[in-house]
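This report goes through a single protein chain, from its strand pairing to its core and a few individual residues. The sequence and the model are shown first.

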Amino acid sequence: MFDTPPAPRQEIAFINGNLADFQTLIAGMRPDIDVVVLDPAGDGLAQIAQTLAGRTGLDAIHLVGHGAAGLLQLGEVTLDADCLKANAGVLADIGAALAADGDILVYGCETGAGTERAPFPLAPGRPPAAR
């Protein structure tokens, strides 16, 4: 008879506050995405974990920051393979906010680039500690 409309997606975007013209990025996002601007002088992972504490069922977490091959800058923290290993507990807390099929989407210039085409360590969408 009547189909129940799908539940609205629950998404949150974390944007590094030192990106040039980050307000334009925010203005271009869908209005249903919660946006948090990270303090560029603070620990980006800690800010994300604190914001997500107690939240569950997120369809997507968007991370937007400066990037280079194999890394992403969030606040004063440079996310790379070593940082991710050292912060497995924080990543597990962040991952706990995701729905079972939720994604972490990473946006940063050259973050997925590399001479050996090695993917950014968060690929394919969830931190290793959240799998």
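## The antiparallel sheet

In this predicted model, strands β4, β5 and β6 form an open sheet in that order, with antiparallel pairing. The edges are taken by β4 (66–68) and β6 (77–79); each has a single partner strand, so one side of each is left without a neighbour in the sheet. From one strand to the next the twist averages 25°. Strands of a sheet pair through backbone hydrogen bonds, either parallel or antiparallel.

Strand β5 covers residues 71–74 and is joined to β4 by three bridges. On this side of the sheet, G67 has L72 as its bridge partner, and H66 has Q73. Three bridges also join β5 to β6, again antiparallel. Here L72 is paired with L79. L72 therefore has a bridge partner in β4, G67, as well as one in β6, L79.

## Two hairpin turns

Which residue takes a positive phi in the hairpin of β4 and β5? The residue is G70, with a phi near 80°, and the hairpin has two residues between its strands. The hairpin of β5 and β6 also has two residues between the strands, and G75 in that turn has a positive phi of about 65°.

Both glycines lie near parts of the chain that are remote in sequence. G70 is 6.7 Å from A113, C-alpha to C-alpha, with 43 residues of sequence separation. A113 belongs to the segment after β7 and is partly exposed, at a relative accessible area of 25%. G75 is 5.5 Å from D43 by the same C-alpha measure, although the two are 32 residues apart in sequence.

## The whole chain

The chain has four helices and seven strands. Read from the N terminus, the order of elements is β-α-β-α-β-β-β-β-α-α-β. Of its 131 residues, 37% count as buried. The accessible surface comes to about 7,400 Å², and carbon and sulfur atoms account for 57% of it.

Among contacts between residues at least 6 apart in sequence, 66% join residues at least 24 apart.

## Helix α2 and its start

Helix α2 spans residues 44–52, and its buried residues are G44, L45, Q47, I48, A49 and L52. An α-helix has 3.6 residues a turn, so residues three or four places apart point the same way. Just after the helix, G54 takes a positive phi of about 85°.

D43 sits in the loop between β2 (33–38) and α2. With a relative accessible area of 32%, D43 is partly exposed. At the start of α2, a side-chain oxygen of D43 comes to within 2.9 Å of the backbone nitrogen of L45. The D43 side chain also reaches the backbone nitrogen of A46 at 2.9 Å. Leaving aside neighbours within four places in sequence, D43 is in contact with E76 and V77.

## The nonpolar core

In soluble globular proteins, nonpolar side chains tend to be buried together. The largest nonpolar core of this chain holds 21 residues, of which F14, I48, L52, I61, L63 and L79 touch the most other members. At least two core residues come from each of β1 (11–16), α2, β3 (58–64), β5, β6, α3 (81–86), α4 (88–95) and β7 (98–107). The largest share, four residues, is supplied by α2.

L52 shows how these elements meet. Not counting neighbours within four places in sequence, L52 is in contact with I12, F14, L58, I61, I94 and A97.

## A buried histidine

Is H62 buried or exposed? H62 lies in strand β3 and has a relative accessible area of 8%, so it is buried, the cut-off being under 20%. Beyond residues up to four places away in sequence, H62 touches E11, I12, A13, F14, I33, L105 and Y107. F14, one of these partners, is also among the core residues that touch the most other members.

Conventions. Residues are numbered from 1 along each chain as its sequence is written. This is a predicted model: local features need pLDDT of at least 70, side-chain atom pairs count only at pLDDT 80 or more; totals for chains, interfaces and linings use all residues. Side-chain values use heavy atoms; hydrogens and water are left out. Buried means under 20% relative accessible area, exposed over 50%, partly exposed in between (1.4 Å probe, protein chains only). Contact means heavy atoms within 4.5 Å. Accessible areas come from the Shrake-Rupley method with a 1.4 Å probe; for residues, only the protein chains shown count as cover. Two strands pair if DSSP finds at least two bridges between them. Axes are lines fitted to C-alpha atoms, for helices over the stretch in contact, and angles run from 0 to 180 degrees between N-to-C directions. A polar contact is a pair of N or O atoms within 3.5 Å; within protein, one must be able to donate a hydrogen and the other to accept it, and residues adjacent in sequence count only if both atoms are side-chain atoms. A nonpolar core is a set of buried Ala, Val, Leu, Ile, Met, Phe, Trp, Tyr and Cys residues joined through side-chain atoms within 4.5 Å.
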